[in-house]
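Student: I would like to learn how to read a model of this kind, going from domains to chains to a single helix. Could you take me through it step by step?

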Amino acid sequence: MVERNIFVRILHPIFVSLIYIFLYLPIVVLVLFSFNKSSIASGWSGFSLKWFKALLQSPEMLEALKVSLIVALTSTFLSVLMGAALVFASRWWKKSFLFNIFNINIILPEIIIAVGLISIFTFFKIPLGYESLIAGHTLIGLGFVVPIILSRFKELDPMLTEASTDLGARPLQTFSKIVLPLLAPAIIVSCFLVFTLSLDDFFISFFCSGVKVQTLSVYIFSLVRQGIDPRVNAISTCLLAVSSICVLVLCSSKIVGQVFGYGK
Amino acid sequence: MNWFSLWRKLIIFIFFSAIAACIFYAPRFFDYFKTQKAINVLTFVEMISPQTAKKFTEQTGIKVNMNYFESNDELLVKLKINKGRGYDLILVTDFIVDLLIQNDLLGSIDVNKISNFKNLDKYFLNRYFDKNNKYSIPYIWTVFGLAYNKKFFGEKLDPSLGEIFENLDKRDYKISMINNVREAVDFARIYLFGKSINLSNEQLEEIRNLLVKQKRIVECYTSEKQDYLLYAEVVPLAVCESSFIRRMHIVDETAHKEFGFVIPKEGSIISIENLAILKSSNKKDLTYKFLDFLLSAEDSAFNCNLYGINPINKLSYQFLDQEIVNDKNYFPHKEMIEKMDILHNDISLDKLDDIWLSVKTA
Amino acid sequence: MNFVKRILQEEYPFIFALPAFMWQLFFLYLPLVSIVVFSFLEFSPLQGFLGFSFSYYVKIFKLVYLKVILNSFFLALFTSIICLVISYPVAYFLALKVKRFKTLFLFGLVLPSWTNLIVQIYAWFFLLERRSIISKLLCYIGIFSEPRHMINSYFSTMIGMVYCFLPFMILPIYTVLEKMNRSLLEASSDLGASRFVTFRKVILPISLPGIYTGLLLVFVPAFGEFVIPSLLGGAKKAYWGTVIVDKFLISGEWRSGFAIATVGVLFLGLFIGLLFSVFKIVKVLKTKRFKLKIQASKK
């Protein structure tokens, strides 16, 4: 259908471009100034990598980075493993409510999940630290992993698993040789998704970090609370680079629609 | 589902639970078995430097694990969760010592084991929160005051709390106020009633109204950003600790020409930071050594120069910048200190909460 | 050993499914239940467990707490409305107007939101502060007489909120519109409907589920938000999120913290339920009208 109204024909794309500019202006300025020589946002005084070097020299930053990476990698591994195993079990357990209970992870405000987590950890006298962070992040990860892999699993031909068991394969073999390779795209996508989510997570990390253990988000928060700091620009640029890679993987598959469409 | 099936499911459940329990309780298990020569120190940021800890380790061979904290209240909450287990030495503010003693988390300190104790300024000992210093030893002190932009106010500013509480409609500039209910209420209390404790409900009501009225001229409530706000010329006046401004001067030597600090003449808040040993610590001997080391003249002077705080050890003064020591805004005389208030726990948390929420929802 | 093998053989669905279930139950459902249960338990430092009581709810039964919840409600509401108004044209454009490079557009849309929340907030802090280029630009153009600090206001809080949540509103609407059967549009114009009527009677009703999902994905997190108001808003207003952080991490009053958390979730649940029923009623009404029209046309 050709748009007959010239006014709308021009205005609509302009509006959308303005929105994209709105989305990208802060990020572009942030990244640009991370290469700025002077520390004040007063103007461009020359290209310099000194803030990136300063990152490497800050022990708290490196420690927070280490914590974030460990937590993100472990949460990704755990949530994808448990999620894939659960989805595999859905072949025998068809009841959908068992899998819908995972949808609430995304709907609930993260602050409530975080509060619940620290109350549980305190009640059971579990010390806050790596374990509590990983527990929280894996929980959020499960909320994404299960719907994604489940919807992909449903698209698979159930005859394949039946044929495989009929031919005498043990369930573990069926899982690893037949189901896993077919689910691979969904699994890879959810890995990237959970990894990014875990790196970017703030609420749960804020509540569950112990005194000794601090993720990158929490550390950057404490820096931003004190005002402008060019090192934050530098670490933001790095995080953006990592996110871009993950989002690229995400968008090149059709998973986006499944994540945001299933809610209806 | 027959009985065998249920039995099998239960076994699997127990198996997984056991694995989970092992993983989650492992740190506590390992803590229990740690017997190396190391102590865990929990301190406010920018009070004890990592260099001091390193120097101590080099001298004595005892490893020091420094853990930093940004907010007193957070520290209290996290200590209460674990009953203080896992730490040996802490550095906390006066009113927190009071709360910790009430919660029975501190171990008693034998001052005879501390060689530097005799050099401590007796003026700061024997305070309300720990009479006879049975549980805590003061380490440094700081004062609160008004930091201002000299260009905006001229060289002199009226050193009075009226600057932040009066003429609220006639101001054309805004200030930055402390984002802490105890300190804000204390400033209002000093302005209205002078140094006092045990306020009546009417007096608390007056304090609440004053703070709500003050919100009109507040640009931002913060306890961390004051130096940024002043530097970026967002506000010409900020309520903050003296250490903020002194750190600005350390970072930028020309800062003292642009930014000044005064203690209001009606009085202000004085904060005494104290070292205390936790009751649950099983390395008390090693902890005593580090405590003594921190209180020594040279090392406490080093930290005071680095972070802009004031030492309690009288012998440290010779190592400090004499110009700053003579500036009565950073090192007020005893007559001034008499007017200054140490934070107390006399107002219940409920009432504080009420006042602060009224201010924030106004 | 045989016993173990037998267990593995017979119960493998259970073994596969159990970890995820246990995790979910223990780390989500149990905490949620405990929040509600603990808010009713009365504890005293000396005597320990005293019994069930409403005392913590009484403590928070004050006007200030209602104001706090309303603050959060309106913040989330305004954020959702602004996001909806902006998102719909963008989603429409992406789904129906863009022919090539759709993935690129999507990538461009999703990237800002999949970055760290703190990074997003800091980016706006950097852009809106007194010495930033925007401030200088506006000063140069003449809108400001001198560079101004545009933070610490409700305006900057709203900008931050909309920025963080916009893609979450665009994507669901986009997904629904993308899946829409294009032949419906053609059929509608063949039957003589103008573009506006097509939009009102065909596109809008189809996109309603997308709008509903978008509202859920924006309103619920926005209600619990506390970082953006505290960093971009100058900590001048108290929201539900800030009160919870204050109670749990600063003042240590966990009991009333549980109470206010429960109250907030109830409030949120009521609003979401209201929203859900509104959408359901609209759907039912439309189907009823449609059926009546068909019946009328048959006679």
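Tutor: Let us begin with domains, keeping in mind that this is a predicted model. The domain assignment of chain B gives domain 1, made of 34–141 + 270–332, and domain 2, made of 143–268 + 343–360.

Student: How many residues of domain 1 of chain B are in contact with domain 2 of chain B?

Tutor: In chain B, 12 residues of domain 1 are in contact with 13 residues of domain 2, and the centres of these two domains, taken over C-alpha atoms, are separated by 27 Å. On the side of domain 1 of chain B that touches domain 2 of chain B, helix α4 (residues 94–102) of chain B gives the most, with four residues. That side of domain 1 divides into eight nonpolar, two polar and two charged residues.

Student: Turning to chain C, what does its secondary structure come to?

Tutor: Chain C has 13 helices and two strands. Its radius of gyration is 25 Å, well over the 19 Å that the globule rule gives for 299 residues, so chain C is more spread out than a compact globule. Along the principal axes, the C-alpha atoms of chain C fill a box of roughly 80 × 75 × 50 Å. Of the 299 residues of chain C, 45% count as buried, and among the contacts in chain C with a separation of 6 or more, 70% come from residues 24 or more positions apart.

Student: How should I read the interface between chain C and chain A?

Tutor: In general, the size of an interface is often given as the accessible area lost when the parts come together. Here we can count residues instead: 64 residues of chain C are in contact with 72 residues of chain A. Helix α2 (residues 12–40) of chain C supplies the largest share of the side of chain C that touches chain A, namely 16 residues, and that side as a whole divides into 49 nonpolar, 12 polar and three charged residues.

Student: Which residues of α13(C) are buried?

Tutor: As a general idea, an α-helix has 3.6 residues a turn, so residues three or four places apart point the same way. Helix α13 (residues 254–298) of chain C has 45 residues and reaches 65 Å from its first C-alpha to its last, close to the 66 Å expected at 1.5 Å a residue. Its buried residues include C:Trp254, C:Phe258, C:Ala261, C:Val265 and C:Leu268. The buried residues of α13(C) pack against α6 (110–123) of chain A, together with α2, α3 (55–59), α4 (63–97), α10 (195–223) and α12 (240–250) of chain C.

Conventions: Residues numbered from 1 in each chain as written. Chains lettered and ligands numbered in written order. Predicted model: local features only at pLDDT ≥ 70, side-chain atom pairs only at ≥ 80, totals over all residues. Rg over C-alpha atoms; globule rule 2.2 N^0.38 Å. Buried ≥ 20, exposed ≤ 12 C-beta atoms within 10 Å, placed from the backbone. Contact = placed C-beta atoms within 7 Å. Nonpolar A, V, L, I, M, F, W, Y, C, P; charged D, E, K, R; others polar. Expected span 1.5 Å × (residues − 1). Domains from an automatic or database assignment.
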